[in-house]
Amino acid sequence: MKKFLLPVVVALVGMPTALRADGESFDLVKGNVTYSFGVETAGVMTFANGKKLTIQDVNFNIADITELAVTKTSIADNTVNITFDGNTSRVTIAGNIAQYVSATVAAGHVTVTQSDLVGDNTCGEITYVLSGSSSNGSFTLNGNYKSTIELQGLELTNPAGAALSIVNGKRIELSSKNGTVNTLVDGTTGTQKGCIYCKGHLELKGKGTLNVTGNKSHAICANEYVEMKNCTVNILGSVKDGINCNQYFLIESGTLNVVATGEDGIQVSYKDSKDREAEDTGSLTIAGGTVNIANITATAAKAIKTEGSFIMTDGELVANTSAPGEWDSSKQKTKASACITADANITIGGGSLNLTASGGGGKGISANGNMTINDGNLTIVTSGGVLAYVNGQLNQSYTGNTDRLDSDAKSSPKGAKVDGVVTINGGNIDITTSGNGGEGIESKETLTITGGNIRVRAKDDAINSSSHMYIKGGVIDVISTGNDGLDSNGNIYIEDGIVMAFGAARPECGLDANEEEGYTVYFTGGYILAAGGGNSVPTKSGSTQPFVTTGLTVDANTQVSIKTSSNTLYTFTTPEDLTSVNLGGSTGNRPGGPGGMGSGSSSLLISVPGMTLGTTYTITSGNSSSTATASLTGTSSGPGGRP
């Protein structure tokens, strides 16, 4: 039975009427959908032919109306309220936008279609407010205009599709309101790309909490960019990526926690491979906030994967992966996991990064382009071994001779692997690799250090460059337990800074230039202490700062000084974690012969400002000492220049 208030009854017999009562609303109900018009703005409501009711230019079929009432409740202009309650849901649409919004309700599933706000529209952006709970519900928004979706304590599970499906190619602000916890879960069936799917731009905002679980595909999927500010977003699990988007991902503030993903934690792709817009960079930027990505265990998965660049200017990133590697039979190469993988460049200008990788061949950072570190705190720990495909079998921790394997058949664990140029201008960097083949920092081109505090502890080379290495500043403290401290396949140029580089026993070196190909080291400044089974020394003209070599062995936390009879030029304090294996196996402080190649001894090289050519210096290491005469060139004790 339809209910009509007196003013409406008057109108039904053909007499126009208007309602006037401040603070009241005139509600027109069609099943589970209510259109709420402010009484003071409703104006004249007219009937035509006893079949049609018109309110503010919106036409309603009388046969569809289930209730008309004047109430004391009101809804803000430009607002649509959707309330879920078990297997039912209700929609209330503000009267000023009634002509732009239509809604259908099927138990707990609500679909809203928003037409374009064009012409003389003055209402502005529409806000959809979602609240309540349902274990069999969903919200779908169709349209082509910027909108805001506010979550106010929403618990929504859709067993057969997305919880939120935003089929709208424009910017959508998804706001978790302050003080609310909102939980969205999708089903294991359906064709949805995510528990939350957005066709356009998705902006995650608010000061509340949003929990998302993706049981079919991704947890959050956007066809264009994703931005995040203020809110807390918890990805509690996903069959595929935690967050998958195109164009770019940006977090400015707030907290993002991602766990238990079936593929990558966050993946960013180009929207189009050709004719991309300026904003379609495929980049991931952390400009503030906190990002925690944990329990990445899927084969060869990445905590962060971007087809563009990774950029961090502030905030905190904690990422760990224990994912095993795999053999890609189609590309005929091994693939390993990583905390951060970028197909373009990696730039770190601030913030804190703590990256842990434990799978076979796993890496903290992997960049196909260049890596630049200007500031920030970077800690990387890898513990996996060499991933190798040998004799048709994949080995997650290969201990054989990798020199005999094709490069595509192996993947070594590394703190940072960079296919392009590495430039370090500042920041605090601490990298530890303990698995077989684990290198600290590797550049496939040149490597330049102008500043920063760099500490590397590696099983393989601590710092390696495929081309020249330039050290122009900074504090560098590197130890390799199985290879070289600083290893360049070109020249090593040391111009400034403090360098302590420790390699393993012969034939490994503290400093190792590619002497087999005619390269060498050049000293023009800086405070340099290098020890190992051998060291490269300048073999060509060009150095301006002399050096000395001796066979003294150095121990952990020991003062090593270079002095004349009347003056101490400089005193190094060796690292507390330096072990005798780094220097040839000696636990004592006994001098060795020239070059330090005797059993249980090491080659120790020192070069500091103030040294003069031809002067004899006393070098002390703990309670032991020896003398050596400064040279500008010499014969290396490294593998490329052994006697």
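Arg171 and Glu125 meet through their side chains in a salt bridge, with N and O 2.8 Å apart. This pair brings together distant parts of the chain: Arg171 belongs to strand E16 (residues 171-176), while Glu125 sits in the loop between strand E11 (108-114) and strand E12 (126-134), 46 residues away. Keep in mind that this is a predicted model.

How buried or exposed are the two partners? Arg171 is buried, its relative accessible area being 13%, whereas Glu125, at 27%, counts as partly exposed.

Let's widen the view. The structure holds 15 salt bridges, and the table lists three of them.

| Salt bridge | N to O distance |
|---|---|
| Arg171 and Glu125 | 2.8 Å |
| Glu203 and Lys205 | 3.3 Å |
| Asp477 and Arg457 | 3.0 Å |

Take the pair of Glu203 and Lys205 next. Glu203 is buried, at 9% relative accessibility. Its partner Lys205 reaches 26% and is partly exposed, because buried requires a relative accessible area under 20%.

The last pair in the table is Asp477 with Arg457, whose side chains form a salt bridge at 3.0 Å, N to O. Here, too, distant parts of the chain are linked: Asp477 lies in strand E47 (residues 469-480) and Arg457 in strand E45 (residues 453-458), with their positions 20 residues apart in the numbering. Both Asp477 and Arg457 are buried.

Which residues are joined with this pair into one network? Salt bridges with shared partners connect Asp477 and Arg457 with Asp430, Arg455 and Asp577.

Conventions
Residues are numbered from 1 along each chain as its sequence is written. This is a predicted model: local features need pLDDT of at least 70, side-chain atom pairs count only at pLDDT 80 or more; totals for chains, interfaces and linings use all residues. Side-chain values use heavy atoms; hydrogens and water are left out. A salt bridge is a side-chain nitrogen of Lys or Arg within 4 Å of a carboxyl oxygen of Asp or Glu. Helices (H or I, at least four residues) and strands (E, at least two) are DSSP runs, numbered from the N terminus. Buried means under 20% relative accessible area, exposed over 50%, partly exposed in between (1.4 Å probe, protein chains only).
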